[in-house]
Amino acid sequence: DLPHQLGVAYDFTAHDYYSYCTHISLTGKGDRYAVEHQLGECACCSVHEPAPAGSGTVADWRHRNQHLLTAARHVFTPSHDTARRIAAFVPGARVRVVPHTDLGAGNTLAPPIPMLQLLPAERPLKVAVLGALSAIKGADLLEAVAMEAAKRQAPVEVHLLGYGYRHLQTQPRARLSVHGEYDDSDLPDLLRWLKPDLVWFPAQWPETYSYTLSAALQAGLPV
């Protein structure tokens, strides 16, 4: 109620789905995407649960948030997918897609078109995964895939430029090398050093935005 009480205009930036999902990311207790029946709904939070803030139920909380977003001057979202979901939750909101400025910052050039390289028969496919991986960002899936690759002797090697929320199995039990934390400014050089064939994003939810995805696009790598 604060903007209304002050009599001021305001904008709302939706960088996640907390306006209608108490888990923020549309993921349930299993850290997996709870597929909704339609956009703008949440399949992991019951409307009868207590609201995460204030009094009432989740249904009451969503109703208040719908009013908050509807009355906003603009509702900014960082991607078209996020805009579609927020607009479905609040059809009356003035939703605008405003990408973050890191992609192509300082110039108007589009990212380079990724070039696919033919893989020599004797070399395994080199896959890069980027960033600090939580469960919903796919750390468990990454480990499972790398362990399955080792079990099958598949010609694949996965490199995590970053780290997981827990210890991940690496060589030889899993076709995985974990390179550890890095400074954001070093990521372009690390990608040039690693020379991956592609970058994989194993996130378990429809992420609203990803700085590491921008880095992969700027590097001209297949995603």
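This presentation covers the sheet, one helix, the salt bridges and a surface patch of a predicted model.

Colleagues, some ground rules. Because the model is predicted, local features need pLDDT of at least 70 and side-chain atom pairs count only at pLDDT 80 or more, while totals for chains, interfaces and linings use all residues. Residues are numbered from 1 along each chain as its sequence is written, and side-chain values use heavy atoms, with hydrogens and water left out.

I begin with the sheet. Helices (H or I, at least four residues) and strands (E, at least two) are DSSP runs, numbered from the N terminus. Two strands pair if DSSP finds at least two bridges between them. Four strands make an open sheet with parallel pairing, in the order β6-β5-β4-β7. β6 and β7 (198–199) are at the edges with a single partner strand each, so one side of each has no neighbour in the sheet. Parallel strands β4 and β5 are joined by 9 bridges, and Leu 130 stands opposite Leu 161 in β5. Between β5 and β6 there are 3 bridges, also in the parallel sense; here Val 158 has Leu 176 of β6 as its bridge partner.

How much of strand β4 is buried? Buried means under 20% relative accessible area, exposed over 50%, and partly exposed in between, with a 1.4 Å probe and protein chains only. In β4 (residues 125–133), 7 of the 9 residues are buried, so the strand is largely enclosed by the rest of the structure.

I turn now to helix α3, residues 80–89. Its buried residues are Thr 82, Ala 83, Arg 85, Ile 86 and Phe 89. Viewed down the axis, they fall within an arc of 165 degrees, taken from the directions from the helix axis to the C-beta atoms, so they line one face of the helix. Their cover includes α2 (58–70), β2 (74–77) and β3 (95–97), where contact means heavy atoms within 4.5 Å.

The next topic is charge pairing. A salt bridge here is a side-chain nitrogen of Lys or Arg within 4 Å of a carboxyl oxygen of Asp or Glu. The whole structure has 10 salt bridges.

In α3, Asp 81 and Arg 85 form a salt bridge at 2.9 Å, N to O. These two residues are 4 apart in the helix, about one helical turn. Asp 81 is partly exposed at 24% relative accessible area, whereas Arg 85 is buried at 7%. Both belong to a salt-bridge network that also includes Glu 36 and Arg 84.

A second pair is Asp 140 with Arg 166, again at 2.9 Å, N to O. Asp 140 sits in helix α4 (residues 139–151) and Arg 166 in the loop between β5 (156–164) and β6 (176–178), so this pair ties together parts 26 residues apart in sequence. Asp 140 is partly exposed at 29%, as is Arg 166 at 31%.

A third pair, Asp 189 and Arg 192, has its closest N and O atoms 2.4 Å apart. Both residues lie in helix α5 (residues 187–194), 3 residues apart. Asp 189 is partly exposed at 45%, and Arg 192 is exposed at 53%.

Which residues make the nonpolar surface patch? Leu 2, Leu 6 and Val 8 make this patch, of about 300 Å². Patch residues have over 30% relative accessible area and no salt bridge; like charges are joined within 9 Å, and nonpolar side chains (Val, Leu, Ile, Met, Phe, Trp, Tyr) within 5 Å. Areas come from the Shrake-Rupley method with a 1.4 Å probe; for residues, only the protein chains shown count as cover. Val 8, in the loop between α1 (2–6) and β1 (11–13), is partly exposed at 44%.
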